[in-house]
Amino acid sequence: MTNGLPANAHALENGLIEIARKAGAAIMEIYKTDFEVRTKDDASPVTEADEAAEAIILPGLRALTPDVKIVSEESAGAGNVPDVSDETDFFWLVDPLDGTKEFIKRNGEFTVNIALIAKGVPIMGVVYAPALEKLYFGGPDGAKLIENNTDPKTTTITVRPMPEDGIVVVGSRSHGDPDAMKAFLGDLKVREMRPAGSSLKLCLIAQGEADLYPRLGRTMEWDIGAGHAVLAAAGGTVENMDGRPFVYGKGDFANPYFIARSPSVPVKYQG
């Protein structure tokens, strides 16, 4: 690889996983305490765990790839945003603690998200759920799930063919419009509607436990970049509602509605 990236993709993968694990450990230390919840300018919650994780991830990425720009949620909220676009060669896209609402509810469904974007496309990413001891990684050689921190088990993961008895549709635990979801699904045969927190929705499709995730609400690029990298490496897709490719590096980093799915699931594009 070029543009400030290590030539050894394996070293980059190992470094990325190590950074995510260290951030996850810091989050879990705070998770055990009676932490304070504050409200940001956009009315979303933030805790010291978000900031502690970012304080580990950003220096870690700078040491790993000194010349690659970093876009991170908490830094962006403070106005510290590098100049990137979907034409930029490479940049890191970071959500230090995705699923802050799930963290506050203490249900375990929160993640560390780190993605590497190349010309608008996520080419590598890690989604780490420290409370669940699950780490998902996607890159040029495919996708995998690493479970159990003390005795790690690694499994290669891929999306599954569309089940004959109906698909599993994942949606947000904390957001959603049931009527809009019903209208989008139309006559698709649905076996189960499964709520899930944070970017784990994308990872459930990647590991073949779910099939479709229509996001009919607001998200930001850092919310889904790492999950998109994992899903793409597992053979899945993320598309705009009209079927166009989903790109990163947009001016305000805000996402349109999108569809994440196994390619075997047919959808009716809109617009």
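Trainee: How exposed is Asn148?

Mentor: Asn148 counts as partly exposed, because its relative accessibility is 31% and the partly exposed class lies between buried, under 20% relative accessible area, and exposed, over 50% (1.4 Å probe, protein chains only). This is a predicted model, in which local features need pLDDT of at least 70, side-chain atom pairs count only at pLDDT 80 or more, and totals for chains, interfaces and linings use all residues. Residues are numbered from 1 along each chain as its sequence is written, and side-chain values use heavy atoms, with hydrogens and water left out.

Trainee: Where is Asn148 placed?

Mentor: Asn148 is in the loop between β8 and β9. Strands (E, at least two residues) and helices (H or I, at least four) are DSSP runs, numbered from the N terminus.

Trainee: And what is the phi of Asn148?

Mentor: The phi of Asn148 is near 70°, a positive value in a residue other than glycine. Most residues other than glycine have a negative phi.

Trainee: Which other residue, not a glycine, has a positive phi near 65°?

Mentor: Phe253 has that value. Phe253 lies in the loop between β13 (237–240) and β14, and counts as buried because its relative accessible area is 6%.

Trainee: Back to the strands. How many bridges join β8 to β9?

Mentor: Five bridges join β8 to β9 (residues 153–157), and the two strands run antiparallel. Two strands pair if DSSP finds at least two bridges between them. Lys144 stands opposite Thr156 in β9, and the hairpin formed by β8 and β9 has five residues between the strands.

Trainee: What about β7 and β8, parallel or antiparallel?

Mentor: β7 (residues 134–139) and β8 run antiparallel, joined by six bridges. Lys134 stands opposite Glu147 in β8. β7 and β8 also form a hairpin, with two residues between them.

Trainee: Turning to the interior, which residues touch the most other members of the largest nonpolar core?

Mentor: Leu93, Tyr136, Ile205, Val230, Leu231 and Ala260 do, in a core of 39 residues. A nonpolar core is a set of buried Ala, Val, Leu, Ile, Met, Phe, Trp, Tyr and Cys residues joined through side-chain atoms within 4.5 Å.

Trainee: Which element gives the largest share of this core?

Mentor: The largest share, six residues, comes from α6. Elements that each supply at least two residues include β4 (90–98), β8 (142–147), α6 (200–206), α7 and β14 (258–261). There is also a second, separate core of 34 residues, which includes Met28, Tyr31, Leu97 and Phe137.

Trainee: What does Ala260 touch?

Mentor: Not counting residues up to four places away in sequence, Ala260 touches Leu202, Ile205, Asp211, Leu212, Tyr213, Leu231, Thr237 and Val238. Contact here means heavy atoms within 4.5 Å.

Trainee: Leu231 is in α7, then. How many residues of α7 are buried?

Mentor: Eleven of its 13 residues are buried, and α7 is mostly covered. Among them are Trp222, Gly227, His228 and Leu231.

Trainee: Where is the kink in α7 centred?

Mentor: The kink, of about 25°, is centred on Gly227; the bend at a residue is the angle between axes fitted to the seven residues ending there and the seven starting there. Helix α7 (residues 221–233) reaches 18 Å from its first C-alpha to its last, close to the 18 Å expected at 1.5 Å a residue. That expected span is 1.5 Å times one less than the number of residues. After α7 comes Gly235, with a positive phi near 100°.

Trainee: Next, Glu73. Is this residue buried or exposed?

Mentor: Glu73 is classed as buried because its relative accessible area is 16%. Glu73 sits in helix α3 (residues 73–77). Leaving aside neighbours within four places in sequence, Glu73 is in contact with Lys40, Glu54, Val94, Asp95, Pro96 and Trp222.

Trainee: How many residues apart are Glu73 and Glu54 in sequence?

Mentor: They are 19 residues apart in sequence and 8.7 Å apart in space, C-alpha to C-alpha. Glu54 is one of the buried residues of α2, which also include Ala53, Ile57 and Leu61.

Trainee: How many residues does α2 have?

Mentor: Helix α2 (residues 48–64) has 17 residues and reaches 25 Å from its first C-alpha to its last, close to the expected 24 Å.
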